[in-house]
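Me: I would like to learn how to read a few features of a protein model. Could you take me through them in turn?

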Amino acid sequence: MVIYQGKAVFEGVAIGKLSVYKKAEHVVKREKVTDVEAEVNRYAEAREVAIKQLQALYDKAVKEVGEASAEIFEAHQMMVDDEDYIDSVENIIRTQEVNAEFAVAETGDNFEKMFLAMEDEYFRGRAADIKDITERIISALFGGDDSGLVSDEPVIVIADDLAPSETVQMDKDKILSFVTVHGSANSHTSILAKTMNIPAIIGCDIPLDDELNGKMAVVDGFEGKVYVEPDEAVMAEKKKLLDKELEKKQLLEQLKGKDNVTLDGQHINIYANIGNTKDLALVLENDAGGIGLFRSEFIYLESSDYPTEEHQFAIYKQVAESMAGKKVIIRTLDIGADKQADYFNLPKEENPAMGMRAIRICLTQPEIFKTQLRAILRASAFGKISIMFPMIISVDEVKKIKEIVEEVKKSLDADGFKYDKDIELGIMIETPAAVMMAEELAKEVDFFSVGTNDLTQYTLAIDRQNQTLDEFYDSHHPGLLKMLQMVVDGAHKGGAWAGICGELGSDLTLTKEFLAMGFDELSVSPGRVLPLRKVVLETNVGDYKKTKC
Ligand code: PEP
Ligand code: MG
(Lines give C-alpha, C1' and ligand atoms only; values in the text may rest on other atoms or scores of the structure.)
(Ligands and ions follow the chains in the order given, each with its own letter.)
Protein backbone atom coordinates (compact mmCIF):
# COMPACT_ATOMS: atom_id res chain seq x y z
CA MET A 1 0.00 0.00 0.00
CA VAL A 2 1.29 3.47 -0.85
CA ILE A 3 -0.35 6.60 0.54
CA TYR A 4 -0.28 9.93 -1.27
CA GLN A 5 -1.27 13.20 0.34
CA GLY A 6 -2.98 16.18 -1.26
CA LYS A 7 -5.49 18.85 -0.42
CA ALA A 8 -9.12 17.83 -0.31
CA VAL A 9 -11.41 20.20 -2.16
CA PHE A 10 -14.53 18.10 -1.84
CA GLU A 11 -15.46 15.59 0.84
CA GLY A 12 -16.41 11.98 0.27
CA VAL A 13 -14.91 8.56 -0.26
CA ALA A 14 -14.26 6.80 -3.53
CA ILE A 15 -13.07 3.23 -4.01
CA GLY A 16 -12.13 1.99 -7.45
CA LYS A 17 -9.50 1.57 -10.10
CA LEU A 18 -7.13 4.34 -11.05
CA SER A 19 -7.02 5.81 -14.51
CA VAL A 20 -4.11 8.04 -15.46
CA TYR A 21 -5.32 10.82 -17.70
CA LYS A 22 -2.82 12.37 -20.06
CA LYS A 23 -3.52 15.03 -22.59
CA ALA A 24 -2.95 14.21 -26.23
CA GLU A 25 0.38 15.99 -26.62
CA HIS A 26 1.01 17.61 -29.97
CA VAL A 27 4.62 18.30 -30.77
CA VAL A 28 4.72 21.73 -32.31
CA LYS A 29 7.66 22.42 -34.58
CA ARG A 30 8.70 25.74 -36.08
CA GLU A 31 8.35 25.42 -39.83
CA LYS A 32 8.96 28.00 -42.53
CA VAL A 33 6.00 28.62 -44.86
CA THR A 34 5.87 30.36 -48.22
CA ASP A 35 2.15 31.14 -48.38
CA VAL A 36 1.58 33.09 -45.15
CA GLU A 37 -2.01 34.03 -46.05
CA ALA A 38 -2.92 30.34 -46.41
CA GLU A 39 -1.50 29.82 -42.92
CA VAL A 40 -3.54 32.75 -41.56
CA ASN A 41 -6.64 31.12 -43.12
CA ARG A 42 -5.80 27.75 -41.56
CA TYR A 43 -5.62 29.55 -38.23
CA ALA A 44 -9.04 31.18 -38.84
CA GLU A 45 -10.56 27.78 -39.65
CA ALA A 46 -9.03 26.22 -36.53
CA ARG A 47 -10.54 29.04 -34.48
CA GLU A 48 -13.95 28.22 -35.88
CA VAL A 49 -13.54 24.55 -35.02
CA ALA A 50 -12.48 25.51 -31.49
CA ILE A 51 -15.48 27.79 -31.08
CA LYS A 52 -17.85 25.07 -32.24
CA GLN A 53 -16.31 22.58 -29.82
CA LEU A 54 -16.63 25.10 -27.01
CA GLN A 55 -20.26 25.75 -27.89
CA ALA A 56 -20.95 22.01 -27.71
CA LEU A 57 -19.17 21.84 -24.35
CA TYR A 58 -21.16 24.83 -23.13
CA ASP A 59 -24.46 23.18 -24.09
CA LYS A 60 -23.43 19.92 -22.44
CA ALA A 61 -22.28 21.68 -19.26
CA VAL A 62 -25.47 23.73 -18.99
CA LYS A 63 -27.46 20.50 -18.96
CA GLU A 64 -25.16 18.66 -16.57
CA VAL A 65 -23.80 21.19 -14.13
CA GLY A 66 -25.79 24.36 -14.71
CA GLU A 67 -25.42 27.70 -16.39
CA ALA A 68 -22.89 29.22 -13.98
CA SER A 69 -20.41 26.38 -14.24
CA ALA A 70 -20.85 26.33 -18.01
CA GLU A 71 -19.96 29.98 -18.39
CA ILE A 72 -16.29 29.13 -18.52
CA PHE A 73 -16.80 27.79 -22.03
CA GLU A 74 -18.37 31.04 -23.06
CA ALA A 75 -15.36 32.81 -21.60
CA HIS A 76 -13.09 30.46 -23.55
CA GLN A 77 -14.95 31.28 -26.75
CA MET A 78 -14.29 34.94 -26.10
CA MET A 79 -10.62 34.18 -25.47
CA VAL A 80 -10.37 32.34 -28.79
CA ASP A 81 -11.83 35.44 -30.41
CA ASP A 82 -9.67 37.86 -28.43
CA GLU A 83 -8.26 40.49 -30.76
CA ASP A 84 -4.90 40.79 -29.01
CA TYR A 85 -4.44 37.04 -29.16
CA ILE A 86 -5.42 36.90 -32.85
CA ASP A 87 -3.20 39.88 -33.73
CA SER A 88 -0.27 38.25 -32.03
CA VAL A 89 -0.70 34.92 -33.87
CA GLU A 90 -1.18 36.57 -37.26
CA ASN A 91 1.79 38.85 -36.66
CA ILE A 92 4.04 35.93 -35.87
CA ILE A 93 2.86 34.04 -38.97
CA ARG A 94 3.39 37.05 -41.24
CA THR A 95 6.60 38.52 -39.84
CA GLN A 96 8.38 35.23 -39.14
CA GLU A 97 6.79 33.35 -42.09
CA VAL A 98 6.06 30.37 -39.89
CA ASN A 99 3.35 27.73 -39.49
CA ALA A 100 0.15 28.54 -37.57
CA GLU A 101 0.79 25.84 -34.93
CA PHE A 102 4.05 27.50 -33.95
CA ALA A 103 2.53 31.00 -33.92
CA VAL A 104 -0.35 29.83 -31.68
CA ALA A 105 2.02 28.02 -29.31
CA GLU A 106 4.25 31.11 -29.08
CA THR A 107 1.31 33.41 -28.43
CA GLY A 108 -0.20 31.05 -25.87
CA ASP A 109 3.13 30.89 -24.05
CA ASN A 110 3.49 34.66 -23.96
CA PHE A 111 -0.07 35.25 -22.76
CA GLU A 112 0.23 32.53 -20.16
CA LYS A 113 3.42 34.09 -18.77
CA MET A 114 1.76 37.50 -18.74
CA PHE A 115 -1.14 36.17 -16.62
CA LEU A 116 1.17 34.23 -14.32
CA ALA A 117 3.12 37.42 -13.62
CA MET A 118 -0.01 39.23 -12.43
CA GLU A 119 -0.30 39.93 -8.73
CA ASP A 120 -3.93 39.06 -8.42
CA GLU A 121 -4.54 35.41 -7.65
CA TYR A 122 -7.66 35.33 -9.78
CA PHE A 123 -5.86 36.54 -12.91
CA ARG A 124 -2.94 34.17 -12.27
CA GLY A 125 -5.54 31.40 -12.28
CA ARG A 126 -6.64 32.47 -15.78
CA ALA A 127 -3.25 31.35 -17.19
CA ALA A 128 -4.70 27.83 -17.15
CA ASP A 129 -7.55 29.01 -19.38
CA ILE A 130 -5.10 30.48 -21.91
CA LYS A 131 -3.22 27.17 -21.92
CA ASP A 132 -6.49 25.35 -22.48
CA ILE A 133 -7.63 27.39 -25.48
CA THR A 134 -4.13 27.35 -26.97
CA GLU A 135 -4.05 23.56 -26.84
CA ARG A 136 -7.53 23.42 -28.31
CA ILE A 137 -6.58 25.58 -31.31
CA ILE A 138 -3.36 23.61 -31.84
CA SER A 139 -5.31 20.37 -31.67
CA ALA A 140 -7.74 21.73 -34.27
CA LEU A 141 -4.79 22.71 -36.50
CA PHE A 142 -3.54 19.13 -36.20
CA GLY A 143 -7.00 18.04 -37.29
CA GLY A 144 -7.75 16.26 -34.00
CA ASP A 145 -11.00 16.04 -32.10
CA ASP A 146 -11.17 16.60 -28.37
CA SER A 147 -12.53 13.35 -27.02
CA GLY A 148 -11.93 12.81 -23.33
CA LEU A 149 -11.42 9.94 -20.99
CA VAL A 150 -12.40 6.54 -22.28
CA SER A 151 -13.28 3.91 -19.74
CA ASP A 152 -15.75 1.06 -19.39
CA GLU A 153 -16.12 1.16 -15.63
CA PRO A 154 -16.16 4.06 -13.16
CA VAL A 155 -12.62 5.12 -12.27
CA ILE A 156 -10.62 7.47 -10.08
CA VAL A 157 -9.09 9.93 -12.51
CA ILE A 158 -5.56 11.04 -11.76
CA ALA A 159 -4.07 13.82 -13.82
CA ASP A 160 -1.45 16.51 -13.76
CA ASP A 161 -4.15 19.15 -13.90
CA LEU A 162 -7.53 19.17 -15.52
CA ALA A 163 -8.84 21.95 -17.65
CA PRO A 164 -12.57 22.59 -17.28
CA SER A 165 -13.04 21.54 -20.87
CA GLU A 166 -11.54 18.17 -19.99
CA THR A 167 -13.57 17.53 -16.86
CA VAL A 168 -16.85 18.48 -18.45
CA GLN A 169 -16.49 16.26 -21.48
CA MET A 170 -15.72 13.23 -19.34
CA ASP A 171 -18.62 10.90 -18.84
CA LYS A 172 -19.77 11.74 -15.29
CA ASP A 173 -21.06 8.25 -14.61
CA LYS A 174 -17.57 6.94 -15.22
CA ILE A 175 -15.84 9.14 -12.66
CA LEU A 176 -15.58 8.30 -8.99
CA SER A 177 -13.15 11.04 -8.07
CA PHE A 178 -10.61 13.55 -9.39
CA VAL A 179 -7.04 13.60 -8.10
CA THR A 180 -4.67 16.14 -9.58
CA VAL A 181 -1.00 16.88 -9.03
CA HIS A 182 -1.52 20.58 -9.67
CA GLY A 183 -4.54 22.87 -9.70
CA SER A 184 -5.77 25.46 -7.27
CA ALA A 185 -8.71 25.36 -4.94
CA ASN A 186 -10.08 28.33 -6.87
CA SER A 187 -9.82 26.65 -10.23
CA HIS A 188 -12.91 25.90 -12.25
CA THR A 189 -12.00 22.23 -12.00
CA SER A 190 -12.53 22.14 -8.27
CA ILE A 191 -15.69 24.21 -8.62
CA LEU A 192 -16.94 21.69 -11.15
CA ALA A 193 -15.95 18.76 -8.95
CA LYS A 194 -17.99 20.31 -6.16
CA THR A 195 -20.90 20.80 -8.48
CA MET A 196 -20.60 17.19 -9.58
CA ASN A 197 -20.64 16.06 -5.95
CA ILE A 198 -17.60 13.80 -6.16
CA PRO A 199 -14.53 13.74 -3.89
CA ALA A 200 -11.64 15.68 -5.34
CA ILE A 201 -8.04 16.13 -4.25
CA ILE A 202 -5.60 18.66 -5.67
CA GLY A 203 -1.87 19.21 -5.12
CA CYS A 204 -1.37 15.48 -4.65
CA ASP A 205 2.14 14.03 -4.75
CA ILE A 206 0.97 11.00 -6.76
CA PRO A 207 3.18 10.07 -9.77
CA LEU A 208 1.50 9.93 -13.17
CA ASP A 209 2.92 6.52 -14.05
CA ASP A 210 1.05 4.40 -16.55
CA GLU A 211 1.75 1.54 -14.14
CA LEU A 212 -0.91 2.97 -11.85
CA ASN A 213 -3.58 2.38 -14.48
CA GLY A 214 -6.07 -0.21 -13.27
CA LYS A 215 -4.66 -0.42 -9.73
CA MET A 216 -7.17 -0.45 -6.90
CA ALA A 217 -7.24 2.72 -4.77
CA VAL A 218 -9.19 4.62 -2.16
CA VAL A 219 -9.64 8.39 -2.24
CA ASP A 220 -10.45 9.84 1.14
CA GLY A 221 -11.79 13.32 0.49
CA PHE A 222 -11.92 14.03 4.21
CA GLU A 223 -8.20 13.46 4.83
CA GLY A 224 -7.03 14.45 1.32
CA LYS A 225 -5.35 11.04 0.93
CA VAL A 226 -5.10 8.49 -1.86
CA TYR A 227 -4.36 4.90 -0.81
CA VAL A 228 -3.02 2.92 -3.74
CA GLU A 229 -3.45 -0.85 -3.34
CA PRO A 230 -4.79 -0.40 0.21
CA ASP A 231 -4.25 -3.20 2.70
CA GLU A 232 -7.20 -5.12 4.07
CA ALA A 233 -7.57 -3.08 7.23
CA VAL A 234 -7.66 0.24 5.36
CA MET A 235 -10.00 -1.17 2.75
CA ALA A 236 -12.40 -2.43 5.41
CA GLU A 237 -12.31 0.89 7.26
CA LYS A 238 -12.90 2.94 4.10
CA LYS A 239 -15.66 0.64 2.89
CA LYS A 240 -17.45 1.25 6.17
CA LEU A 241 -16.98 4.99 5.75
CA LEU A 242 -18.26 4.76 2.19
CA ASP A 243 -21.32 2.76 3.29
CA LYS A 244 -22.08 5.37 5.95
CA GLU A 245 -21.73 8.11 3.39
CA LEU A 246 -23.97 6.29 0.93
CA GLU A 247 -26.60 5.65 3.56
CA LYS A 248 -26.61 9.31 4.53
CA LYS A 249 -26.77 10.33 0.91
CA GLN A 250 -29.64 8.00 0.13
CA LEU A 251 -31.73 9.36 2.96
CA LEU A 252 -31.00 12.91 1.90
CA GLU A 253 -31.38 12.05 -1.75
CA GLN A 254 -35.08 11.38 -1.26
CA LEU A 255 -35.68 14.94 -0.14
CA LYS A 256 -33.53 16.61 -2.74
CA GLY A 257 -35.26 18.57 -5.43
CA LYS A 258 -38.43 18.74 -3.37
CA ASP A 259 -40.08 22.04 -2.85
CA ASN A 260 -40.33 23.23 0.77
CA VAL A 261 -44.11 23.16 0.92
CA THR A 262 -46.26 22.26 3.89
CA LEU A 263 -49.14 19.78 3.65
CA ASP A 264 -51.53 22.69 3.30
CA GLY A 265 -49.52 24.39 0.59
CA GLN A 266 -47.47 27.04 2.42
CA HIS A 267 -44.05 27.59 0.90
CA ILE A 268 -40.87 28.63 2.67
CA ASN A 269 -37.35 29.15 1.33
CA ILE A 270 -34.63 27.12 3.01
CA TYR A 271 -31.18 28.59 2.53
CA ALA A 272 -27.80 27.83 4.05
CA ASN A 273 -25.29 29.84 6.10
CA ILE A 274 -21.64 29.85 5.08
CA GLY A 275 -18.42 31.33 6.45
CA ASN A 276 -16.19 30.76 3.46
CA THR A 277 -16.02 29.22 0.02
CA LYS A 278 -15.12 25.80 1.46
CA ASP A 279 -18.69 25.54 2.72
CA LEU A 280 -20.10 25.85 -0.78
CA ALA A 281 -19.78 22.16 -1.45
CA LEU A 282 -21.98 21.41 1.53
CA VAL A 283 -24.54 23.95 0.40
CA LEU A 284 -24.81 22.24 -2.97
CA GLU A 285 -24.70 18.75 -1.53
CA ASN A 286 -27.57 19.53 0.78
CA ASP A 287 -29.69 21.13 -1.91
CA ALA A 288 -30.09 24.49 -0.19
CA GLY A 289 -32.22 26.92 -2.17
CA GLY A 290 -29.63 29.64 -1.75
CA ILE A 291 -27.23 31.18 0.71
CA GLY A 292 -29.08 33.13 3.36
CA LEU A 293 -26.00 34.35 5.20
CA PHE A 294 -22.45 34.58 3.96
CA ARG A 295 -20.48 35.79 6.99
CA SER A 296 -18.05 37.89 4.97
CA GLU A 297 -16.03 38.91 8.01
CA PHE A 298 -14.24 35.57 7.82
CA ILE A 299 -12.40 36.93 4.79
CA TYR A 300 -11.13 39.72 7.06
CA LEU A 301 -10.36 37.36 9.92
CA GLU A 302 -8.28 35.12 7.65
CA SER A 303 -6.24 38.07 6.39
CA SER A 304 -3.34 39.86 8.04
CA ASP A 305 -4.34 43.16 6.46
CA TYR A 306 -7.46 44.66 4.92
CA PRO A 307 -8.48 42.35 2.06
CA THR A 308 -8.33 44.13 -1.27
CA GLU A 309 -11.29 44.71 -3.58
CA GLU A 310 -9.86 42.18 -6.08
CA HIS A 311 -9.36 39.52 -3.42
CA GLN A 312 -12.91 39.93 -2.15
CA PHE A 313 -14.34 40.16 -5.65
CA ALA A 314 -12.80 36.81 -6.59
CA ILE A 315 -14.38 35.17 -3.53
CA TYR A 316 -17.85 36.69 -3.97
CA LYS A 317 -17.78 35.86 -7.67
CA GLN A 318 -16.88 32.25 -6.94
CA VAL A 319 -19.76 31.99 -4.49
CA ALA A 320 -22.21 33.59 -6.92
CA GLU A 321 -21.08 31.38 -9.80
CA SER A 322 -21.14 28.21 -7.76
CA MET A 323 -24.70 28.92 -6.70
CA ALA A 324 -25.69 29.11 -10.36
CA GLY A 325 -28.29 31.84 -10.17
CA LYS A 326 -29.62 30.94 -6.72
CA LYS A 327 -29.78 33.74 -4.21
CA VAL A 328 -26.59 34.56 -2.29
CA ILE A 329 -27.01 36.97 0.61
CA ILE A 330 -23.68 38.49 1.53
CA ARG A 331 -23.61 40.12 4.90
CA THR A 332 -21.20 43.01 5.06
CA LEU A 333 -18.36 43.01 7.53
CA ASP A 334 -19.49 42.11 11.06
CA ILE A 335 -16.20 42.57 12.86
CA GLY A 336 -15.84 43.61 16.50
CA ALA A 337 -17.09 42.04 19.74
CA ASP A 338 -16.04 38.37 19.57
CA LYS A 339 -14.62 38.70 16.04
CA GLN A 340 -11.41 40.71 16.28
CA ALA A 341 -8.77 41.35 13.63
CA ASP A 342 -5.63 43.09 14.96
CA TYR A 343 -5.11 45.32 11.95
CA PHE A 344 -8.41 47.10 12.63
CA ASN A 345 -6.75 48.48 15.78
CA LEU A 346 -10.06 48.68 17.56
CA PRO A 347 -9.78 50.23 21.01
CA LYS A 348 -10.31 48.02 24.06
CA GLU A 349 -13.88 48.39 25.22
CA GLU A 350 -15.68 47.74 28.48
CA ASN A 351 -18.63 46.25 26.62
CA PRO A 352 -17.46 45.09 23.18
CA ALA A 353 -20.80 43.46 22.28
CA MET A 354 -22.36 46.88 22.69
CA GLY A 355 -19.39 48.70 21.23
CA MET A 356 -17.76 49.56 17.96
CA ARG A 357 -18.77 46.65 15.76
CA ALA A 358 -20.29 45.70 12.43
CA ILE A 359 -22.10 48.51 10.61
CA ARG A 360 -20.78 51.04 13.12
CA ILE A 361 -17.23 50.37 11.91
CA CYS A 362 -18.39 50.59 8.31
CA LEU A 363 -20.10 53.92 8.85
CA THR A 364 -17.15 55.42 10.73
CA GLN A 365 -14.56 54.05 8.30
CA PRO A 366 -16.43 54.31 4.99
CA GLU A 367 -13.36 53.49 2.88
CA ILE A 368 -13.31 49.93 4.25
CA PHE A 369 -17.06 49.70 3.62
CA LYS A 370 -16.82 51.04 0.07
CA THR A 371 -14.08 48.58 -0.87
CA GLN A 372 -16.31 45.72 0.22
CA LEU A 373 -19.38 47.13 -1.49
CA ARG A 374 -17.48 47.56 -4.75
CA ALA A 375 -16.33 43.94 -4.58
CA ILE A 376 -19.84 42.65 -3.82
CA LEU A 377 -21.51 44.77 -6.47
CA ARG A 378 -18.98 43.73 -9.11
CA ALA A 379 -19.59 40.08 -8.23
CA SER A 380 -23.33 40.66 -8.61
CA ALA A 381 -22.79 40.56 -12.39
CA PHE A 382 -22.02 36.84 -12.03
CA GLY A 383 -25.01 35.54 -10.11
CA LYS A 384 -27.89 36.55 -7.88
CA ILE A 385 -26.40 38.47 -4.99
CA SER A 386 -28.19 40.38 -2.23
CA ILE A 387 -26.44 42.58 0.33
CA MET A 388 -27.32 42.49 4.00
CA PHE A 389 -26.22 44.92 6.71
CA PRO A 390 -25.70 43.79 10.32
CA MET A 391 -26.49 45.40 13.69
CA ILE A 392 -28.94 48.00 12.46
CA ILE A 393 -30.68 50.19 15.03
CA SER A 394 -32.29 52.98 13.04
CA VAL A 395 -33.87 54.17 9.81
CA ASP A 396 -31.24 56.90 9.62
CA GLU A 397 -28.48 54.32 9.52
CA VAL A 398 -30.18 52.55 6.64
CA LYS A 399 -30.59 55.81 4.75
CA LYS A 400 -26.87 56.56 5.19
CA ILE A 401 -25.99 53.06 4.01
CA LYS A 402 -28.16 53.47 0.93
CA GLU A 403 -26.44 56.76 0.10
CA ILE A 404 -23.07 55.03 0.29
CA VAL A 405 -24.33 52.17 -1.91
CA GLU A 406 -25.48 54.72 -4.50
CA GLU A 407 -22.10 56.45 -4.35
CA VAL A 408 -20.32 53.13 -4.90
CA LYS A 409 -22.63 52.27 -7.82
CA LYS A 410 -21.70 55.59 -9.45
CA SER A 411 -18.01 54.88 -9.01
CA LEU A 412 -18.50 51.48 -10.68
CA ASP A 413 -20.40 53.13 -13.55
CA ALA A 414 -17.53 55.55 -13.99
CA ASP A 415 -15.04 52.69 -14.02
CA GLY A 416 -17.13 50.74 -16.51
CA PHE A 417 -17.92 47.77 -14.28
CA LYS A 418 -21.12 45.78 -14.70
CA TYR A 419 -23.27 45.00 -11.68
CA ASP A 420 -26.86 44.21 -10.79
CA LYS A 421 -28.49 47.64 -10.77
CA ASP A 422 -31.51 46.28 -8.86
CA ILE A 423 -29.52 44.39 -6.28
CA GLU A 424 -31.62 43.46 -3.26
CA LEU A 425 -30.68 45.24 -0.03
CA GLY A 426 -31.62 43.88 3.35
CA ILE A 427 -30.83 44.27 7.00
CA MET A 428 -30.31 41.98 9.92
CA ILE A 429 -32.71 42.34 12.76
CA GLU A 430 -30.48 41.84 15.76
CA THR A 431 -31.45 44.63 18.10
CA PRO A 432 -34.71 45.28 19.94
CA ALA A 433 -34.64 48.78 18.41
CA ALA A 434 -34.80 47.29 14.92
CA VAL A 435 -37.71 45.06 15.97
CA MET A 436 -39.65 48.07 17.24
CA MET A 437 -38.95 49.95 14.00
CA ALA A 438 -39.63 46.97 11.74
CA GLU A 439 -42.35 48.51 9.60
CA GLU A 440 -40.46 51.77 9.03
CA LEU A 441 -37.26 49.87 8.26
CA ALA A 442 -39.09 47.54 5.88
CA LYS A 443 -40.09 50.52 3.76
CA GLU A 444 -36.40 51.21 3.20
CA VAL A 445 -35.19 47.72 2.28
CA ASP A 446 -36.14 44.57 0.38
CA PHE A 447 -35.75 42.05 3.19
CA PHE A 448 -35.03 41.30 6.82
CA SER A 449 -33.10 38.42 8.29
CA VAL A 450 -33.32 37.95 12.02
CA GLY A 451 -30.01 37.32 13.75
CA THR A 452 -31.50 35.48 16.69
CA ASN A 453 -28.08 34.91 18.27
CA ASP A 454 -27.61 38.61 18.85
CA LEU A 455 -31.28 39.47 19.18
CA THR A 456 -31.52 37.00 22.07
CA GLN A 457 -28.45 38.42 23.78
CA TYR A 458 -29.69 42.01 23.49
CA THR A 459 -33.28 41.16 24.41
CA LEU A 460 -32.50 38.99 27.40
CA ALA A 461 -29.43 41.05 28.37
CA ILE A 462 -27.37 37.87 28.36
CA ASP A 463 -23.87 37.90 26.93
CA ARG A 464 -23.90 35.12 24.33
CA GLN A 465 -20.24 34.37 25.09
CA ASN A 466 -20.73 33.91 28.82
CA GLN A 467 -21.30 30.21 29.55
CA THR A 468 -22.03 30.81 33.23
CA LEU A 469 -25.28 32.48 32.16
CA ASP A 470 -26.52 29.42 30.28
CA GLU A 471 -29.18 28.60 32.85
CA PHE A 472 -30.76 32.02 32.27
CA TYR A 473 -30.54 31.80 28.49
CA ASP A 474 -33.95 30.86 27.16
CA SER A 475 -33.97 30.81 23.38
CA HIS A 476 -37.75 30.17 23.44
CA HIS A 477 -38.43 33.12 25.72
CA PRO A 478 -42.00 34.28 24.96
CA GLY A 479 -40.76 37.87 24.72
CA LEU A 480 -38.40 36.82 21.97
CA LEU A 481 -41.07 34.86 20.11
CA LYS A 482 -43.39 37.88 20.28
CA MET A 483 -40.61 39.95 18.77
CA LEU A 484 -40.22 37.50 15.91
CA GLN A 485 -43.92 37.85 15.11
CA MET A 486 -43.50 41.64 15.19
CA VAL A 487 -40.63 41.38 12.73
CA VAL A 488 -42.65 39.34 10.21
CA ASP A 489 -45.69 41.59 10.53
CA GLY A 490 -43.61 44.76 10.23
CA ALA A 491 -41.72 43.39 7.25
CA HIS A 492 -44.85 42.42 5.36
CA LYS A 493 -46.63 45.69 6.13
CA GLY A 494 -43.62 47.63 4.89
CA GLY A 495 -43.29 45.50 1.75
CA ALA A 496 -40.26 43.38 2.65
CA TRP A 497 -39.80 39.65 3.07
CA ALA A 498 -38.54 38.20 6.35
CA GLY A 499 -36.25 35.33 7.27
CA ILE A 500 -34.17 34.03 10.13
CA CYS A 501 -30.46 33.31 9.83
CA GLY A 502 -29.57 32.92 13.52
CA GLU A 503 -29.21 29.48 15.06
CA LEU A 504 -32.82 29.45 16.18
CA GLY A 505 -33.85 29.05 12.54
CA SER A 506 -32.67 25.44 12.65
CA ASP A 507 -34.45 24.63 15.91
CA LEU A 508 -36.83 22.01 14.53
CA THR A 509 -39.12 22.29 17.54
CA LEU A 510 -39.95 25.82 16.37
CA THR A 511 -40.32 25.18 12.64
CA LYS A 512 -44.12 24.97 12.82
CA GLU A 513 -44.17 28.16 14.86
CA PHE A 514 -42.03 29.99 12.29
CA LEU A 515 -44.31 28.80 9.51
CA ALA A 516 -47.35 29.94 11.46
CA MET A 517 -45.71 33.32 12.06
CA GLY A 518 -45.38 33.69 8.31
CA PHE A 519 -41.60 33.68 7.84
CA ASP A 520 -40.61 33.56 4.20
CA GLU A 521 -37.17 32.06 4.68
CA LEU A 522 -35.01 30.13 7.13
CA SER A 523 -31.27 30.02 6.66
CA VAL A 524 -29.43 27.28 8.52
CA SER A 525 -26.13 25.44 8.44
CA PRO A 526 -25.97 23.28 5.30
CA GLY A 527 -26.36 20.00 7.17
CA ARG A 528 -29.67 21.18 8.62
CA VAL A 529 -31.32 21.98 5.29
CA LEU A 530 -32.76 18.54 4.61
CA PRO A 531 -33.90 17.76 8.17
CA LEU A 532 -35.67 21.13 8.13
CA ARG A 533 -37.24 20.38 4.76
CA LYS A 534 -38.54 17.11 6.23
CA VAL A 535 -40.37 18.97 9.03
CA VAL A 536 -41.81 21.49 6.59
CA LEU A 537 -43.12 18.71 4.34
CA GLU A 538 -44.79 17.04 7.32
CA THR A 539 -46.43 20.20 8.71
CA ASN A 540 -50.00 21.36 8.34
CA VAL A 541 -49.84 25.01 9.33
CA GLY A 542 -53.62 25.41 9.48
CA ASP A 543 -53.98 22.49 11.89
CA TYR A 544 -51.06 23.78 13.96
CA LYS A 545 -52.67 27.20 14.27
CA LYS A 546 -55.92 25.56 15.44
CA THR A 547 -54.07 23.70 18.22
CA LYS A 548 -52.81 27.05 19.47
CA CYS A 549 -56.25 28.64 19.77
C1 PEP B 1 -26.97 36.32 14.67
O2 PEP B 1 -26.63 37.22 15.42
O3 PEP B 1 -27.94 35.56 14.89
C4 PEP B 1 -26.22 36.07 13.43
C5 PEP B 1 -26.68 35.26 12.51
O6 PEP B 1 -25.03 36.69 13.29
P7 PEP B 1 -23.71 36.22 14.05
O8 PEP B 1 -23.99 34.94 14.76
O9 PEP B 1 -22.66 36.08 13.02
O10 PEP B 1 -23.46 37.36 14.97
MG1 MG C 1 -25.17 38.65 14.82
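Reply: What follows goes through a ligand site, some backbone angles and some pairs of residues. Keep in mind that this is a predicted model.

Me: Start with the ligand. Which residues come nearest to ligand 1?

Reply: The shell around ligand 1 holds 14 residues, and those that come nearest are R295, R331, G451, N453 and R464.

Me: What is the make-up of that shell in nonpolar, polar and charged residues?

Reply: Seven residues of the shell around ligand 1 are charged, four are polar and three are nonpolar.

Me: Which elements give two or more residues to the shell around ligand 1?

Reply: First, the site itself: ligand 1 sits in the largest cavity. Two elements give two or more residues to its shell, β10 (290-295) and α18 (452-460). The most comes from α18, which gives three residues.

Me: Which atoms of E430, N453 and D454 lie at short range from an oxygen atom of ligand 1?

Reply: In such a case one asks whether the protein atom belongs to the side chain or the backbone. For E430 it is a polar side-chain atom, 3.1 Å from an oxygen atom of ligand 1. For N453 it is a polar backbone atom, 2.7 Å from an oxygen atom of the ligand. For D454 it is a backbone N or O atom, at 3.0 Å from an oxygen atom of ligand 1.

Me: How much of ligand 1 does the protein bury?

Reply: Ligand 1 taken alone exposes 290 Å², and the protein buries 98% of that.

Me: Now the backbone. What sign of phi do most residues other than glycine have?

Reply: Most residues other than glycine have a negative phi. A positive value in such a residue is therefore worth a look. Here E229, which is not a glycine, has a positive phi of about 50°. A324 is another residue other than glycine with a positive phi, near 45°.

Me: Where do E229 and A324 lie?

Reply: E229 is in the loop between β8 (225-228) and α9. A324 is in the loop between α12 (309-322) and β11 (327-331).

Me: Why do E229 and A324 count as partly exposed?

Reply: The class depends on relative accessible area: partly exposed lies between the buried limit of 20% and the exposed limit of 50%. E229 has 44%, so it is partly exposed. A324 has 37% and therefore falls in the partly exposed class.

Me: Last, pairs of residues. How far apart in space are S19 and N213, C-alpha to C-alpha?

Reply: Separation along the chain and separation in space are two readings to take side by side. S19 and N213 are 194 residues apart in sequence and 4.9 Å apart in space, C-alpha to C-alpha. S19 is in strand β3 (residues 13-21), and it counts as buried because its relative accessibility is 10%.

Me: And how far apart in space are A236 and N260?

Reply: A236 and N260 are 24 residues apart in sequence, with 38 Å between their C-alpha atoms. A236 lies in helix α9 (residues 232-253). With a relative accessible area of 46%, A236 is partly exposed.

Me: What separates the C-alpha atoms of P526 and R47?

Reply: Those C-alpha atoms are separated by 43 Å, and P526 and R47 are 479 residues apart along the chain. P526 is in the loop between β16 (521-524) and α21 (529-538). At 9% relative accessibility it is under the 20% limit, so P526 counts as buried.

Conventions: Residues are numbered from 1 along each chain as its sequence is written. Chains are lettered from A and ligands numbered from 1 in the order in which they are written. This is a predicted model: local features need pLDDT of at least 70, side-chain atom pairs count only at pLDDT 80 or more; totals for chains, interfaces and linings use all residues. Side-chain values use heavy atoms; hydrogens and water are left out. Helices (H or I, at least four residues) and strands (E, at least two) are DSSP runs, numbered from the N terminus. Buried means under 20% relative accessible area, exposed over 50%, partly exposed in between (1.4 Å probe, protein chains only). A residue is near a molecule or strand if one of its heavy atoms lies within 4 Å of it. A polar contact is a pair of N or O atoms within 3.5 Å; within protein, one must be able to donate a hydrogen and the other to accept it, and residues adjacent in sequence count only if both atoms are side-chain atoms. Accessible areas come from the Shrake-Rupley method with a 1.4 Å probe; for residues, only the protein chains shown count as cover. On a 1 Å grid over the protein atoms alone, a cavity is a set of points where a 1.4 Å probe fits but cannot get out, and a pocket is an open set with protein on both sides within 12 Å along at least five of seven lines; lining residues have an atom within 4 Å of a point. A molecule sits in a cavity or pocket if more than half of its atoms lie within 2 Å of its grid points. Ala, Val, Leu, Ile, Met, Phe, Trp, Tyr, Cys and Pro count as nonpolar, Asp, Glu, Lys and Arg as charged, and the others, Gly among them, as polar.
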